[in-house]
Amino acid sequence: MERLGTLEVKNLNKKYRSQNDDLLVLDDINLTVQPGEFISIIGSSGCGKTTFLRLVVGLEKGYEGEILLDGQRLNGPSLKRGVVFQDHRLLPWLSIEKNVGMGLKNPKSGESRKTIQEHLELVGLKGFEKHYPHQLSGGMSQRAAIARALVNRPEILLLDEPLGALDALTRMYMHQELERIWMKEDITMIMITHDVDEAIVLSDKIVVMSSRPGTIKKIIPVPLARPRDRAGYDFANIKEEVLAEFQLHTDHPFTYSI
Amino acid sequence: MKFQIIKNKLLGLIIPLILYVAWDFLTSREIIPPELLPAPKVIFDTWWDLQSSGELALNMKMSLLRVGFGFLLGAISGFLLGTAMGLWKPVELYLNPLFNFFRQIPVVAWIPFLILWLGIDEWFKIVFISFGAFIPMALKTLEGIKGVPASYLEVVRVFEYGWFRVLRTVIVPSALPSISTGLRLCLSEAWMLVIGAELVAAGEGIGNVMVIARRLFQTDVVLVGVIVIAITGFAMDKVLGLLETRFLGLHRSQNAQ
C-alpha cells in the first residue's frame, strides 16, 4: 500500500475581503510534503502562517489554487488531519481521558479505551486519566492535546505554535517528546513556529515565509542526524542561514578566517 | 485558611448587629413611636402568634404556589426561547428585536393590561410572575449559548461531530453555568413579583397579609411580612446556589478563553 500523508499545495492564494479592497494574505504558495516528513513553517507575526495552517486544517474557507491530501482536494475539516492549537483547547469539564477520547467514534468501547490508554502512555500522561485540565501544567496540557489530536490516527498532524505558551525549559523537553512521538507514530507533521532553534531541532525542512503578502521565501533542508546537537557546528550554520532570511546576521567578534 | 473564611463571614454580620442594637435602643426609649416602628421583641411575638395560629403558613403556601407555577411557566418558556435563538440564527434574527423590545417594558407596567384580560384571580398572578421570570431566563440562556468559545467549536469541527454530539459535548456543558444563573435570577424575580401581585390584587398570600395589616395600622405584622419575605428569598437563592455547586461542580472554575 502506498504511504498516506502526502500534502500538495499548488498556487495557493488567499484574500481577505475588506470594505474597500481585498487584502492578499497568502500569495502563490507552493509546497509538497512527503509522508512522514516533519516540516516547520517559520515567519514573523502576520506573515499568514496561521492562515495557511487553518486552510490546510479546513477551518478557513475560500481560497484559490489547490490543497491536496493524497491527491484529494480538501473539503472542510476532517479526521484525517489532526490539529494542535497554541492554546491546548482541552474541554475543562471533561477528564483528561475523555478529552483524549474526543476524536473517537465510540469512546466508551473496549477498543477505544485501549487506544486512549496507548496514547496517554505515548505522551507520558499515564496515571492522569481522571485528572481535569486545570490540574495539569501547561506542558502536560499540551501533551494531552497532542494525544487527543493523534488518537484517531490522522494522516497528517498540524501544529500551530504548539509550544509557544511554554517556558524555555519545558519547551526544550517538549522538543524531545515531540520528536519521539513523531518517530513512533511515523506521521507527517507540519508545525508553525517562530522559534528558530525549535524548527532546526525538529524539522526535515524549514519553510521560511515573509510578510505582506505571505509568500514562501526559502525552503531550507535540515540534513542533520537525530537527535540533534544544539551546540553543534552544523546546527549553528543552519541557524545562521535561517536568521539571514530575517536580516538577523550574527556578528562573530571572536572568529576570524584563516 | 478556615479561620480566615469564618472571619470574613463574621465581618458581614457586624453592621446588621449595629443596626439591630440601634433599632432596639430607639424603640425601647420610644424615640420612634411604636406605631411606626415596633420593638424587635414585639415583632418576634407577632411572628410567633402568626406562626402558631397557622395564618402565616397558609398565606405562605399560597404565595409559594403562585411563585412555583409562575416560575415554571416563565423559566420553561424563557429557556425554550433562549435556546432557539441561541442555536438557530434565523430564529434569533426574527425574534431577538421583538424580545429586546419586550424586555424594556417594566413588568409592573403589564398589571393594568393583565387585569383587564385575566381579572384579579390566580391566572393574573401566575402570568404576571411568569412575564418577569421569562426575561432573565431567556437572556441568560441565549448568552450562555452564544458564549460557547469558538475555539472549542473548532476542535469538534475537526473531529467531524454531528450536531447532537456538539450539543452534548460542548454547547450544553459550556452554557450550563449561565443557564443556572438565569434560573436563580428567574426565581428571585418570581418571588419579588408574587409579592407585587398580591399587593395589587387581594386574596390570600403573604403580600395580602401585609396589605390588610397596613389598613389596620398593624406595623408589626407588616414588618413580619417584610422579614419573612427576605428570609424566604434568601433561602431559595441559597438552595439553588447549593444545587448549582453540587451539579456544576469544581472543574468549571478554569474555563479557558
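**Notebook: strands and helices of chain A, outline of chain B**

I began with one strand pair, and found that strand β3 (residues 38-42) of chain A and strand β9 (residues 205-210) of chain A run in the parallel sense, joined over four bridges. I note here that I am working with a predicted model. Looking for a residue pair between the two strands, I found A:I41 standing opposite A:V207 in β9(A).

I then widened the view to the sheet to which these strands belong, an open sheet of six strands in chain A with the order β6-β7-β8-β3-β9-β10 and mixed pairing. I looked up its edges, which are β6 (81-84) and β10 (215-221) of chain A, each of them pairing on one side only. For the twist I read an average turn of 20° between neighbouring strands of this sheet, with direction ignored.

My next entry concerns what packs on these strands: helix α7 (residues 233-244) of chain A lies across β3, β9 and β10 of chain A, and α7 runs at about 170° to β10(A).

Turning to helix pairs, I looked up helix α4 (residues 138-150) of chain A and helix α5 (residues 168-185) of chain A, whose axes come within 11 Å and cross at roughly 15°. Because angles under 35 degrees count as roughly parallel, I record α4(A) as roughly parallel to α5(A). I also noted the hand of the crossing of α4(A) and α5(A), which is right-handed. On the α4(A) side I listed A:G138, A:G139, A:Q142, A:R143, A:I146 and A:L150 as making the contact, and on the α5(A) side A:T170, A:M174, A:E177, A:I181 and A:E185.

I closed with chain B, asking first how many helices and strands it has. I found ten helices and zero strands in chain B, and reading along the sequence I wrote the pattern down as α-α-α-α-α-α-α-α-α-α.

For the overall dimensions, I noted that the C-alpha trace of chain B spans about 75 × 60 × 30 Å along its principal axes. I set the radius of gyration of chain B, 23 Å, against the value near 18 Å that a compact globule of 257 residues would have.

On burial, I recorded that 31% of the 257 residues of chain B count as buried. Finally I checked how far apart in sequence the contacting residues of chain B are, and found that, of the contacts with a separation of 6 or more, 73% are accounted for by residues 24 or more positions apart.

Notes
Residues numbered from 1 in each chain as written. Chains lettered and ligands numbered in written order. Predicted model: local features only at pLDDT ≥ 70, side-chain atom pairs only at ≥ 80, totals over all residues. Rg over C-alpha atoms; globule rule 2.2 N^0.38 Å. Buried ≥ 20, exposed ≤ 12 C-beta atoms within 10 Å, placed from the backbone. Contact = placed C-beta atoms within 7 Å. Pairing = 2+ DSSP bridges. Axes fitted to C-alpha atoms, helices over the stretch in contact; angles between N-to-C directions. Parallel < 35°, antiparallel > 145°, perpendicular 65-115°, else oblique. Left-handed = near helix turned anticlockwise from the far one by under 90°.
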